[in-house]
Amino acid sequence: MMLSGSTVSAESQRHDCQSSSKVVIHCGKTPSSTFDSNGNLWVVFEYQKHLYVSSSQDLGKNYLPASKVNSVPETIYTNGENRPKIDFGIKGEVYLSWTQKTDGRFTGDIRFSRSLDGGKTFSNPITVNDDGINTSHRFESMKVANDGTIFLAWIDKRDNFNIDAKGIAIKKKAKGLHGGIYTSFSTDSGKTFSKNQKLALSSCVCCRLAMTPVSNSGVAVSWRHVYPGSIRDHAYAIIDAQGIQLAPKRVSLDNWAIQACPHHGPSIAEDSRQQLHLVWFTASDTRKGIYYGRLNPKTEADNLINLSNVPSASHPFMSIQDNKIVVIWKEFNGEKNQIIKKQSNDLGKTWSNKQPIAETTGKSDHPFIVTGKRQLWLTWLTKDEGFRVERIVSVDET
Amino acid sequence: MACSVESVATPQLQTNRLMKVFEADSLSKIKELHAGYPFILIVWSVDCLPCRQEFDMLREIKNTYPKLRLSLVAIESTQDVPQVFQIISEHQLLKEDNWAFAETNSAKLRYALDPTWYGELPRAYFYNKQHSRVAVSGKLPKTKVIGWLSQVSSTKKKISP
């Protein structure tokens, strides 16, 4: 399952973004990455109004020439919280989602494309939101469930409009309208998508969603919600192709009452005992910084731990393998951006101290963890060093 | 599509003249500009809807009380995000003291602005005449700004909403 062509050496391209004609991830924006079942690293990134997909057989040292996804240029959101996504189908299909910027302010459409030939060519993008309203459909998250169903969830503002007798969308005059969380799924490898379904109303409108496959089918989704009193605490839900299996449930009582844009979404993962875990950012009167908790469908999340209360601590990401929970996030120490790690080897009962695992002086993207070859890898796009792929810990390490 | 050199050059020149580049030492320059006067420093982002709503409110206040001193700092660079200039222009705030980050959303510049800030937007800093400041997160209520103006105003004249 490899792209054809000669390899592109990372070193020769990394600092040549201005004059090089070759498209390479180091010069792209807001990448996402994942490993295939053969241990190859796949990346999707934006570059000059196109999405590109590239793969590496040597953990990001070298990449095969990138495949262009959309032949027609389109403006693609690359603002950190809103980035293109990549995932594999159970037969090796390559699936992509992203948010297209449409006319007007804070507007967008959810886009999808797939490759059925190992990433050589990609289908013409389709728009997944089905309301036909020029409004915000943005911050999509995409995951392939364990049975191969593709799930998409996103922030959607269609319910801020009434449709008049002529079928024209008229914005409601009510104050305090927020976003909705809408979903769609595909059971035919992305050929068609279901009618959009509403999962929640009144979500915050600028934070990424988190999504993870659960059990045999379905996904858990988490987002920053807006509870009465403009309280921006998190919620989560579980959906599958039959519908909502766990209705939206408030994660915790941080009680962060604010009319603001945190631009700061959560990260979710399930362990092998089907327990969901969440990491998130909050800045309420009583809780500030990055938090971890075990999600509970009946009560507030338990085992709440403040992983960091440093003001610059941001964009946490979590991965769970066996009994290991690894959480990383970014901090600024006055001189450099650092990636900080905390790890639990007993599913959250005890935790290591904070440990810096990477740093950079210049501008940098959000950090992520991808799992491949029985290792957990930090993936981090930085201005000075390009797209970094660095081993965090072995899955088998005790 | 052909573009004349003039039409490409003019917007950039306009932006450079009207929006200063915020770097690590820029806060001191902002304070120098307002030396001896109270002012409000507003931090905002192109992606922040409440920030735009706050701009509408500030514009309203300025229409009634033009002596309100403002410095507006966008956390995006105009090079990456040209809409920064357009948004300020749309909200008729071009004549204010406008800044845009040298690099979009830079942790170093946020730290230089305020090392205790968790990054939420909008963020306002109310500086009194002596330039000690109070930070406020979230969309500012109009009453808060009016109340502050009444407090810091050197005249006895009542500030009306």
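# Notebook: salt bridges, core and interface

I began with A:K198, which counts as partly exposed because its relative accessibility is 42%, between the limits of 20% and 50%. I keep in mind throughout that this is a predicted model.

**Entry 1, the partner of A:K198.** I looked for the residue that pairs with A:K198 and found a salt bridge to A:D159, with the closest N and O atoms 3.8 Å apart. A:K198 belongs to strand β16 (residues 197–203) of chain A, while A:D159 sits in the loop between β12 (150–156) and β13 (161–163), so the pair ties together parts that are 39 residues apart in sequence.

**Entry 2, other salt bridges in chain A.** I then counted the salt bridges over all chains, and by the rule used here there are 27. One of them joins A:K85 and A:E140, whose closest N and O atoms are 3.8 Å apart. This pair links distant parts of the chain, since I find A:K85 in strand β7 (residues 85–88) of chain A and A:E140 in strand β11 (residues 137–144) of chain A, 55 residues apart. Are these two residues buried or exposed? Both A:K85 and A:E140 are buried.

I also looked up A:E390, which forms a salt bridge with A:R388, the closest N and O atoms being 2.7 Å apart. A:E390 counts as partly exposed because its relative accessibility is 26%, whereas A:R388, at 11%, counts as buried. Elsewhere I noted a network of salt bridges that links A:D130, A:D131, A:D156 and A:R158.

**Entry 3, the makeup of chain B.** I turned to chain B, where the secondary structure comes to 6 helices and 6 strands. Read from the N terminus on, the elements follow the order α-β-α-β-α-β-α-β-α-β-β-α. Chain B has 161 residues, of which 48% count as buried. When I took contacts in chain B between residues at least 6 apart in sequence, 71% of them joined residues at least 24 apart.

**Entry 4, the nonpolar core.** In soluble globular proteins, nonpolar side chains tend to be buried together, and I looked for such a group here. The largest nonpolar core has 72 residues, and those touching the most other members are A:V221, A:W223, B:I40, B:L41, B:W44, B:F55 and B:L113. Strand β2 (residues 39–44) of chain B gives the most to this core, with 6 residues. I followed B:F55 further and, leaving out residues up to four places away in sequence, found that B:F55 touches B:I42, B:W44, B:L72, B:I87, B:I88, B:H91 and B:L93.

**Entry 5, where the chains meet.** How many residues does each chain bring to the contact? Chain B brings 26 residues and chain A brings 23 residues. The area buried between chain B and chain A is about 2100 Å², and carbon and sulfur atoms give 59% of that area.

Across this interface I found 3 salt bridges by the rule, and the side chains of B:E103 and A:K383 meet in a salt bridge at 3.1 Å, N to O. The rule also finds 8 residue pairs in polar contact between chain B and chain A, with both residues at pLDDT 80 or more. On the side of chain B that touches chain A, α3 (49–64), α4 (83–90) and α5 (107–113) each supply at least two residues. I sorted the residues of that side of chain B by type, and they divide into 12 nonpolar, 6 polar and 8 charged.

Notes:
Residues are numbered from 1 along each chain as its sequence is written. Chains are lettered from A and ligands numbered from 1 in the order in which they are written. This is a predicted model: local features need pLDDT of at least 70, side-chain atom pairs count only at pLDDT 80 or more; totals for chains, interfaces and linings use all residues. Side-chain values use heavy atoms; hydrogens and water are left out. Contact means heavy atoms within 4.5 Å. Buried area is the accessible area (1.4 Å probe) that two parts lose on being put together, summed over both. A salt bridge is a side-chain nitrogen of Lys or Arg within 4 Å of a carboxyl oxygen of Asp or Glu. A polar contact is a pair of N or O atoms within 3.5 Å; within protein, one must be able to donate a hydrogen and the other to accept it, and residues adjacent in sequence count only if both atoms are side-chain atoms. Ala, Val, Leu, Ile, Met, Phe, Trp, Tyr, Cys and Pro count as nonpolar, Asp, Glu, Lys and Arg as charged, and the others, Gly among them, as polar. A nonpolar core is a set of buried Ala, Val, Leu, Ile, Met, Phe, Trp, Tyr and Cys residues joined through side-chain atoms within 4.5 Å. Buried means under 20% relative accessible area, exposed over 50%, partly exposed in between (1.4 Å probe, protein chains only).
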